[in-house]
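I opened the model to look up how its helices, strands and core fit together. My notes follow the structure.

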Amino acid sequence: MTATSNTGNAGGTGETGKTVSSQIRLMTPEEIAVNAGARPAPLRLPEAGVFAERALRLRQLAQDHPMRDYLLFAAEVAQRQHEQLKQARPLTLPNESDLAEAMAAGQPPLDSRTFARQSAWRDELKNLLQALVTAAVPAPVQALAKDLMQWDEATLERQAHALLSGGGPGLDPAAAPLLAAALQLHWVRLVQQLQDRYQRAGKTEHLAPFGLIDDPTVCPCCGSRPVASITRIAAEMSGQRFLACSLCATQWHYVRIKCTHCQSTKGISFRQLVDDDGKLPNEAVQAECCETCGHYLKQVHMEKDLQVEPLADDLASLTLDLLVGDLGLVRHGFNPLLILGEPDAGDDRPPGDDTQAPGPAHSGAAPPDPGGH
Ligand SMILES: [Zn+2]
Ligand SMILES: [Zn+2]
């Protein structure tokens, strides 16, 4: 039985471009209970193909999509990240006592707000920009890349700080995707190199670098907010939900039906787009909404679509943000490719207090469009 309770009718453009979805559907408690497994599982650290998978998904989602040009731009950047990640770049890693200290404090060992960024991230950026300047990309992207090449070190560091603070004041939204791409590369390398060192060291190094930290709502490796969550299907992880880091792409286990902002387990509902015929144009993406604090985070489901990728699918489902936002809910996920006046990380405004609530739902704007469309 399909009890559909349509809870919004705010207009908007459908993700497919053809199936215009003007409503969202509230899941029944029975549906929510299905597969709501809560058995903990280990972290999933970023693998070598993390950016290639993202590029592939973005290209797939771009087909017939109203945001096609922007998704293709994002795919191009992800592909460049992949090419760059294949080149070795040794970084300075925290030592054993740094790790012990972080562990004792319940903090992530590579906290993006406190772990010193190395100049290597700016080298990553330089290489990315050089690749884009010579690539077959739209002229505005080339112009943006050329412009960023002129930015001095202090400006880049200020922008990086704003970005790593979750979209702090002064952040340039057009530059953010490219700066974030370089920072993502830097932190993926840090995570991978620290894990490699631990695995190679055998008995000489005893502390596993990554594990539980005090705050389960942020990345246990780098402390960043999630971009979205993903329910997985592979073997022992079947049906389990992981939060996906917006910076280092680590995925960490988080029980289902629990707010990722205030951790309430009450008043959680799931909403997804439904078209005028009552069909679900994109079953793989839902918004997990919290009545208690008024925030929501997207959830993507591998059991509905094997290829889902949290950052890519979040970007391509902006319509859901618009509709859920019209219900007064505030976006909790952080996506550096969707800087549209994000709420502060500590924003605890209650639902309804949205007269000036930021986020895609209230901006009325399109994403930054380096493609010039
Ligand atoms: Zn992370
Ligand atoms: Zn909440």
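The entries below go from the whole chain to single residues.

**Entry 1: ground rules.** I am working from a predicted model, in which local features need pLDDT of at least 70, side-chain atom pairs count only at pLDDT 80 or more, and totals for chains, interfaces and linings use all residues. Residues are numbered from 1 along each chain as its sequence is written, and chains are lettered from A and ligands numbered from 1 in the order in which they are written.

**Entry 2: whole chain.** I looked up the secondary structure and found 11 helices and nine strands. Helices (H or I, at least four residues) and strands (E, at least two) are DSSP runs, numbered from the N terminus. The chain has 373 residues, and 46% of them are buried. I call a residue buried if 20 or more other C-beta atoms lie within 10 Å of its own, exposed if 12 or fewer, and partly exposed in between, with C-beta atoms placed from the backbone. I then looked at contacts, meaning pairs of residues whose C-beta atoms, placed from the backbone, lie within 7 Å. Of the contacts with a separation of 6 or more, 67% are between residues 24 or more positions apart.

**Entry 3: the core.** In general, nonpolar side chains in soluble globular proteins tend to be buried together. The largest nonpolar core here has 92 residues, and Leu 71, Ala 74, Leu 178, Leu 179, Leu 183 and Cys 248 have the most contacts inside it. Helix 8 (residues 176–201) gives this core its largest share, 13 residues. Domain 1 (5–42 + 215–338) and domain 2 (51–204) each supply at least three residues to this core. A nonpolar core is a set of buried Ala, Val, Leu, Ile, Met, Phe, Trp, Tyr and Cys residues joined through C-beta atoms within 7 Å, and the domain bounds come from an automatic or database domain assignment. I also listed the contacts of Leu 178 beyond four places in sequence: Val 77, Leu 125, Leu 128, Leu 129 and Leu 148.

**Entry 4: helix 3 and helix 5.** Helix 3 (residues 68–85) has 18 residues and reaches 25 Å between its first and last C-alpha atoms, close to the 26 Å expected at 1.5 Å a residue. The expected span is 1.5 Å times one less than the number of residues. Among the buried residues of helix 3 are Leu 71, Ala 74, Val 77, Glu 76, Arg 80 and Gln 81. The buried residues of helix 3 pack against helix 2 (50–62), helix 5 (120–134), helix 6 (139–149), helix 8 and helix 9 (310–315).

For the 15 residues of helix 5, the expected span is 21 Å, and the end C-alpha atoms are 22 Å apart, which agrees. Trp 121, Glu 124, Leu 125, Leu 128, Leu 129 and Leu 132 are its buried residues. They cover an arc of only 130° around the axis, so they sit on the same side of helix 5. The arc is that of the directions from the helix axis to the C-beta atoms. These residues pack against helix 3, helix 6 and helix 8.

**Entry 5: strands.** Which faces of strand 7 are covered? Both are: Val 285, Ala 287 and Cys 289 are buried on one side, and Gln 286, Glu 288 and Cys 290 on the other. Strand 7 (residues 285–290) is largely enclosed by the rest of the structure because six of its six residues are buried. Strands pair if DSSP finds at least two bridges between them. Strand 7 pairs in the antiparallel sense with strand 6 (residues 268–274) over four bridges, and with strand 8 (residues 295–301) over five. Glu 288 stands opposite Leu 297 in strand 8.

Strand 3 (residues 226–231) also has six of six residues buried. Strand 3 pairs with strand 4 in the antiparallel sense over five bridges, and with strand 8 in the parallel sense over three. Ile 230 stands opposite Val 300 in strand 8.

**Entry 6: backbone exceptions.** Most residues other than glycine have a negative phi. Ala 249 has a positive phi of about 70° and lies in the loop between strand 4 (241–245) and strand 5 (251–253). Ala 249 is buried, with 27 other C-beta atoms within 10 Å. Ile 257 has a positive phi of about 55° and counts as partly exposed, with 16 C-beta neighbours inside 10 Å.

Conventions: Two residues are in contact if their C-beta atoms, placed from the backbone, lie within 7 Å.
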